[in-house]
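Reader: I am new to this structure and should like to see how its descriptive terms are justified. May we go through them in turn?

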Amino acid sequence: EHQRLPHRLYTLIFPLDKTRVLLGMKKRGFGSNKFNGFGGKVEPNESIEQGAIRELREESGLCAQSVDKCGLLFFYFEDDPVVMEVHVFVTREYVGDVQETEEMRPQWFDIHDMPFKQMWADDPRWWPYLLKGQNFAGQFWFKADQVTITHEKLRAL
Ligand SMILES: Nc1nc(SCCc2ccccc2)c2[nH]cnc2n1
């Protein structure tokens with residue numbers, strides 16, 4: 001029988017504003033000291049989309065009025081059996097004032113000047129699809145260092 005590896009659901013959401021994207025410098029926990037979108041685990045009592053909206057509000061103070069699904073990413077880490085299933089969203093309609101939180105120090109970046117050196121190693125691979133509005137699906141296999149990508153699959157949907 002085909003043993004499916006256990007998956008855990010996560011969200012990742014990027015607020016866009018014309019030629020800028022809001023990223024957060026993660027101050028603690030998983031992915032700390034990297035710029036990333038806002039996100040985290042999906043709670044049992046919410047949809048994936050509601051989870052993305054909740055995380056954005058909790059981590060940046062922004063309330064998304066609408067979100068667009070833009071990608072699906074699977075991350076495998078050496079010596080960790082649980083696969084991260086990350087649903088990626090963008091939002092262009094949001095209200096509220098950006099604020100620093102315990103989790104995140106938000107910062108706007110020009111989309112053509114992304115701080116990729118301070119982001120996850122896979123991000124430069126799928127960001128061109130996100131910017132072109134092309135939905136994408138990707139799988140990335142990492143070494144235990146969480147930096148080295150040993151294998152990847154990525155395609156436009
Ligand atoms: N951009 C990006 N993001 C993540 S995790 C995003 C989802 C998450 C998970 C846990 C806490 C908060 C947010 C990545 N993992 C491996 N490569 C990656 N690239």
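Author: The model is a predicted one. A definition comes first: two strands pair if DSSP finds at least two bridges between them.

Reader: How do you know that β5 and β8 pair?

Author: Strand β5 (residues 63–77) and strand β8 are joined by seven bridges in the parallel sense. Pairing requires at least two bridges, so the term applies. Within this arrangement, Y76 stands opposite W141 of β8.

Reader: What makes β8 and β9 a pair, and in which sense do they run?

Author: Seven bridges link β8 to β9 (residues 149–156), and the two run antiparallel. The requirement is at least two bridges, therefore these strands pair as well. A137 stands opposite R155 in β9. The two strands form a hairpin with six residues between them, and Q146 in the turn has a positive phi of about 60°.

Reader: Which residues of β8 belong to its covered face, and which to its uncovered face?

Author: F136, G138, F140 and F142 make up the covered face, while A137, Q139 and W141 make up the uncovered one. In a regular strand the side chains alternate between the two faces of the sheet.

Reader: Why is the approach of D122 to the ligand called a polar contact?

Author: A polar side-chain atom of D122 lies 2.6 Å from a nitrogen atom of the ligand. The cut-off is 3.5 Å for a pair of N or O atoms, so the contact qualifies. For N36, the distance from a side-chain N or O atom to a ligand nitrogen is 3.0 Å, and therefore this pair also qualifies.

Note on methods. Residues numbered from 1 in each chain as written. Predicted model: local features only at pLDDT ≥ 70, side-chain atom pairs only at ≥ 80, totals over all residues. Heavy atoms only, no water. Buried < 20%, exposed > 50% of the residue type's maximum accessible area, 1.4 Å probe, protein only. Helix = DSSP H or I, 4+ residues; strand = E, 2+ residues; numbered from the N terminus. Polar contact = N/O pair within 3.5 Å; in protein donor to acceptor, adjacent residues only side chain to side chain.
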